[in-house]
Amino acid sequence: MSEVFEGYERQYCELSDNLTRSCTSASVLHGELKKQKLSEIKEGLDEADALIRKMDLEARSLQPSTKATLLAKLRDYKHYLSNLKTDVKRITSTDTNQAAQELLESGINETTTVSADQKGRLLMSTERLNQSTERIKESRRTMLETEELGVSILQDLHQQRQSLLHAHSTVRASSNLGFQIYRVSLSFAQEKD
């Protein structure tokens with residue numbers, strides 16, 4: 001196994017353990033402490049994504065026998081990271097919905113002129129904002145996956161090019177050797193005559 005891959009793997013495992021603990025602690029926090037913890041978690045998730053991409057690139061550059069094992073590990077790591085992201089979304093959406101509800105309640109307490117229509121529009125706006133945020137995150141995730149696939153394809157094409165160049169040089173060497181053998185046999189035939 002590659003030492004580089006193992007280094008990335010160690011970093012990823014430590015980071016995912018820390019993220020799991022942070023998610024657990026963030027779920028019981030409130031207010032600014034919760035926002036700060038969620039911000040730290042999101043930075044950690046980005047770092048974990050980067051480590052997975054690095055491990056993927058490293059795994060794809062190795063021999064096929066090792067490559068298959070490491071890519072299977074990577075699938076597990078990606079699945080675990082996806083579950084962590086789902087947990088963070090759940091914690092964040094709970095916090096956002098709770099904040100919107102508190103805002104509505106405080107507005108109702110301050111003024112009695114807030115209509116049901118205004119409350120409905122505010123809730124719809126909050127929901128649209130949440131949906132837009134999720135679409136942006138999903139688009140970013142798709143972009144990163146597409147980028148990874150592109151890098152993988154380029155690496156495979158590079159390996160195929162190297163194989164073709166090697167085959168070309170082998171064929172050329174064989175034809176040169178065949179031509180030299182023909183010339184030697186021709187010169188022997190001329191000397192016999």
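Isoleucine 153 is partly exposed, at a relative accessible area of 43%. This residue sits in helix α4. Its value falls between the 20% and 50% cut-offs, so the label is neither buried nor exposed. Isoleucine 153 also belongs to a nonpolar surface patch with Leu149, Leu154 and Leu157. Together the four residues offer about 400 Å² of accessible area.

Now step back to the whole chain. The model is predicted. Four helices and zero strands make up its secondary structure, so the order along the sequence reads α-α-α-α. Of the 193 residues, 23% count as buried.

Next, the charged contacts. The chain has eight salt bridges. One of them joins aspartate 46 to arginine 140, with 3.9 Å from N to O. Aspartate 46 lies in helix α2 and arginine 140 in helix α4, so this pair ties together parts 94 residues apart in sequence. Aspartate 46 is partly exposed at 40% relative accessibility. Arginine 140 is partly exposed too, at 44%.

Another salt bridge pairs lysine 89 with glutamate 134, at 3.4 Å from N to O. It links distant parts of the chain: lysine 89 is in helix α3, glutamate 134 is in helix α4, and 45 residues separate them. Lysine 89 has a relative accessible area of 27% and counts as partly exposed. Glutamate 134 is partly exposed at 29%.

A further bridge stays within one helix. The side chains of arginine 141 and glutamate 138 meet at 2.4 Å, N to O. Both residues belong to helix α4, and they are three residues apart, so about one helical turn separates them. Arginine 141 is partly exposed at 21% relative accessibility. That value is not under 20%, so arginine 141 does not count as buried. Glutamate 138 is partly exposed at 41%.

Finally, the largest pocket. Its space comes to about 630 Å³. The lining has 19 residues, and the closest to the pocket centre are Asp49, Lys85, Lys137, Arg140 and Arg141. Two of these names have already appeared: Arg140 bridges to aspartate 46, and Arg141 bridges to glutamate 138.

Which helices supply the lining? Helices α2 (31-60), α3 (64-110) and α4 (116-192) each give at least two residues. The largest share, seven residues, comes from α3. By residue class, the lining divides into 12 charged, five nonpolar and two polar.

How values were computed
Residues are numbered from 1 along each chain as its sequence is written. This is a predicted model: local features need pLDDT of at least 70, side-chain atom pairs count only at pLDDT 80 or more; totals for chains, interfaces and linings use all residues. Side-chain values use heavy atoms; hydrogens and water are left out. On a 1 Å grid over the protein atoms alone, a cavity is a set of points where a 1.4 Å probe fits but cannot get out, and a pocket is an open set with protein on both sides within 12 Å along at least five of seven lines; lining residues have an atom within 4 Å of a point. Grid points are joined across faces, edges and corners, and a volume is the space filled by probe spheres set on the points. Ala, Val, Leu, Ile, Met, Phe, Trp, Tyr, Cys and Pro count as nonpolar, Asp, Glu, Lys and Arg as charged, and the others, Gly among them, as polar. Patches are made of residues with over 30% relative accessible area and no salt bridge: like charges are joined within 9 Å, nonpolar side chains (Val, Leu, Ile, Met, Phe, Trp, Tyr) within 5 Å. Accessible areas come from the Shrake-Rupley method with a 1.4 Å probe; for residues, only the protein chains shown count as cover. Buried means under 20% relative accessible area, exposed over 50%, partly exposed in between (1.4 Å probe, protein chains only).
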